[in-house]
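Open the model in your viewer and keep the sequence panel beside it. We will walk through it together, one selection at a time.

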Amino acid sequence: MSGDAWKEGGIDATGALMVITLKVISCVINYNDGMLKDEDLREAQRKNRLLKLPSLLEYFGYCLCCGSHFAGPVYEMKDYLEWTERKGIWQRSAKGLSPSPYLATFRALLQAAFCMGLYLYLVPHFPLSRFTEPLYQEYGFGKRLFYHYMSGFTARWKYYFVWSISEASIIISGLGFSGWTDSKQPKPRWDRAKNVDILGVELAKSSVQLPLVWNIQVSTWLRHYVYERLIQKGKKAGFFQLLATQTVSAVWHGLYPGYIIFFVQSATMISGSRVLYRWQQATQTVPLKKLFELMNFAYTLLVLNYSSVGFMVLSLHETIAAFGSVYYIGTILPIVLILSGKIIKPARPARSKPHKDQ
């Protein structure tokens with residue numbers, strides 16, 4: 001299965017099937033949205049809906065587009081059709097010119113080379129097999145936590161490499177173009193295929209930011225096709241919508257215990273981070289705000305890399321063994337924060353009343 005292949009450092013056909021699954025589902029839902037009334041649709045639904053059925057050639061071209069076939073990124077059928085037909089933002093200017101993709105492609109390839117080089121350097125020093133070796137059991141608590149961090153840090157560079165290569169292929173095709181900047185001298189933006197913000201992940205100030213900077217296009221897909229569609233009209237999203245979305249992501253990745261544990265725990269991680277953020281916003285003094293900000297950063301760093309071990313080792317036995325070696329700190333801490341948030345509810349800042357005209 002795909003998880004086993006990735007664990008061994010390779011990739012197989014199931015990775016491509018994962019990408020196709022998202023494309024097929026979004027295409028079907030967008031065609032259905034095209035038959036609904038405009039007032040019943042959200043902004044994203046109106047933007048991506050299909051008003052007519054694509055042809056077989058268009059459908060297979062979208063599903064099997066070679067630039068994103070094996071590792072993504074996922075994009076919308078409507079964007080693909082506009083790109084192939086040179087419509088929308090891909091419409092040529094009056095002078096027949098279009099933005100050059102070469103510099104952006106070179107940057108993506110340079111980033112890919114750096115990521116692969118760093119991964120190949122780090123992986124012999126932090127093998128996943130270490131978690132079940134006697135040497136690991138001799139480590140103290142602090143060194144075990146550090147090994148959790150370095151294992152997650154090392155593994156992420158493999159994904160950074162794959163996504164950078166995919167980004168380069170989509171950019172060079174022209175599909176990666178996403179419009180022009182609003183500056184005095186407009187410059188082309190090439191972030192349609194951007195799937196990760198490396199510094200955004202490694203220096204995330206809160207867990208809430210992670211879906212916005214990691215596997216960006218899949219996170220966007222999950223938000224539009226799962227999370228937002230679970231919210232009833234007139235109601236706010238809660239923990240149920242978050243947990244359901246993460247569970248769908250876990251099943252999509254594969255029916256491994258490590259995946260399911262990671263994504264369920266990521267829901268509690270995000271909820272715990274939201275509690276820290278609410279406390280931070282309710283604080284009036286600047287030093288205390290900075291302290292809460294630092295706590296949220298440290299919390300995200302700890303829980304993310306603790307949880308990611310399950311995503312990497314996959315098996316239930318290895319996941320439980322790795323978690324237990326650090327006393328389940330990354331499982332207990334989010335739960336404690338969520339429960340504390342139910343008890344310690346900061347007062348909402350008072351809104352100033354509008355002044356009446358005299």
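## First stop: two unusual phi angles

Select Arg 86, which you will find in the loop between α5 and α6. Its phi is near 55°, a positive value in a residue other than glycine. Arg 86 counts as partly exposed, at 41% relative accessibility. Keep in mind as you look around that this is a predicted model.

Now jump to Tyr 328, in the loop between α15 and α16. Tyr 328 is not a glycine either, yet phi here is positive, about 55°. With 35% relative accessibility, Tyr 328 counts as partly exposed.

## A patch on the surface

Stay with Tyr 328 and add Leu 316, Ile 320, Ile 332 and Val 336 to your selection: together these five make a nonpolar surface patch of about 420 Å². Which helices each supply at least two residues of the patch? They are α15 (316-324) and α16 (329-343). Click on Ile 332, for example, and you are in helix α16. Ile 332 has a relative accessibility of 45%, which counts as partly exposed.

## Into the core

Next, go inside. In soluble globular proteins, nonpolar side chains tend to be buried together. The largest nonpolar core here has 33 residues, and Trp 157, Tyr 160 and Val 309 are those with the most contacts inside it. Colour α6 (102-122), α8, α9, α13 (257-282), α14 and α15, since each of these helices supplies at least two residues of this core. Which helix gives the largest share of this core? That is α8, with eight residues.

Show the side chain of Trp 157 and its surroundings. Leaving aside residues up to four places away in sequence, Trp 157 touches Phe 114, Cys 115, Leu 118, Tyr 119, Leu 122 and Ile 198. Apart from this core lies another one, of 18 residues; Tyr 75, Met 77, Ala 104 and Ala 193 are among them.

## Salt bridges across the chain

The model has nine salt bridges. Let us visit some of them.

Begin with Arg 156 and Glu 202, whose side chains meet in a salt bridge with 2.8 Å from N to O. Arg 156 lies in helix α8 (residues 141-173) and Glu 202 in helix α9 (residues 198-202), so this pair ties together parts that are 46 residues apart in sequence. Are these two buried or exposed? Arg 156 counts as buried because its relative accessibility is 7%, and Glu 202 is buried too, with a relative accessible area of 10%.

Then select Glu 293 and Lys 205. They form a salt bridge in which the closest N and O atoms are 3.5 Å apart. Here the chain is linked between helix α14 (residues 286-313), home of Glu 293, and the loop between α9 and α10 (210-213), where Lys 205 sits; the two are 88 residues apart. Glu 293 counts as partly exposed at 25% relative accessibility, and Lys 205 is partly exposed as well, with a relative accessible area of 47%.

Finally, pick Asp 38 and Arg 49, another salt bridge, with 3.2 Å between the closest N and O atoms. Asp 38 is in the loop between α2 (13-33) and α3 (43-48), while Arg 49 is in the loop between α3 and α4 (56-63), eleven residues away. Which of the two is buried, and which is partly exposed? Asp 38 is partly exposed, with a relative accessible area of 37%. Arg 49 has 18% relative accessibility and counts as buried, because buried means under 20%.

## Two more loops

Zoom in on Gly 72 and Pro 73, which are joined by a cis peptide bond with omega of about 5°. Pro 73 has its place in the loop between α4 and α5 (77-84).

Then move to Val 123, in the loop between α6 and α7 (134-137). Val 123 is partly exposed, with a relative accessible area of 29%. Try a distance label from Val 123 to Met 150: the C-alpha atoms are 9.6 Å apart in space, and the two residues are 27 apart in sequence.

## Last stop: how far to trust the picture

Colour the model by confidence. The average pLDDT is 90, and 92% of the residues score at least 70. Now select residues 354-358, where pLDDT stays under 50 and the model has zero contacts beyond four places in sequence. Where pLDDT is low, the predicted coordinates should not be read in detail.

Definitions and conventions. Residues are numbered from 1 along each chain as its sequence is written. This is a predicted model: local features need pLDDT of at least 70, side-chain atom pairs count only at pLDDT 80 or more; totals for chains, interfaces and linings use all residues. Side-chain values use heavy atoms; hydrogens and water are left out. A salt bridge is a side-chain nitrogen of Lys or Arg within 4 Å of a carboxyl oxygen of Asp or Glu. Helices (H or I, at least four residues) and strands (E, at least two) are DSSP runs, numbered from the N terminus. Buried means under 20% relative accessible area, exposed over 50%, partly exposed in between (1.4 Å probe, protein chains only). Patches are made of residues with over 30% relative accessible area and no salt bridge: like charges are joined within 9 Å, nonpolar side chains (Val, Leu, Ile, Met, Phe, Trp, Tyr) within 5 Å. Accessible areas come from the Shrake-Rupley method with a 1.4 Å probe; for residues, only the protein chains shown count as cover. A nonpolar core is a set of buried Ala, Val, Leu, Ile, Met, Phe, Trp, Tyr and Cys residues joined through side-chain atoms within 4.5 Å. Contact means heavy atoms within 4.5 Å. pLDDT is the predictor's confidence in each residue, from 0 to 100.
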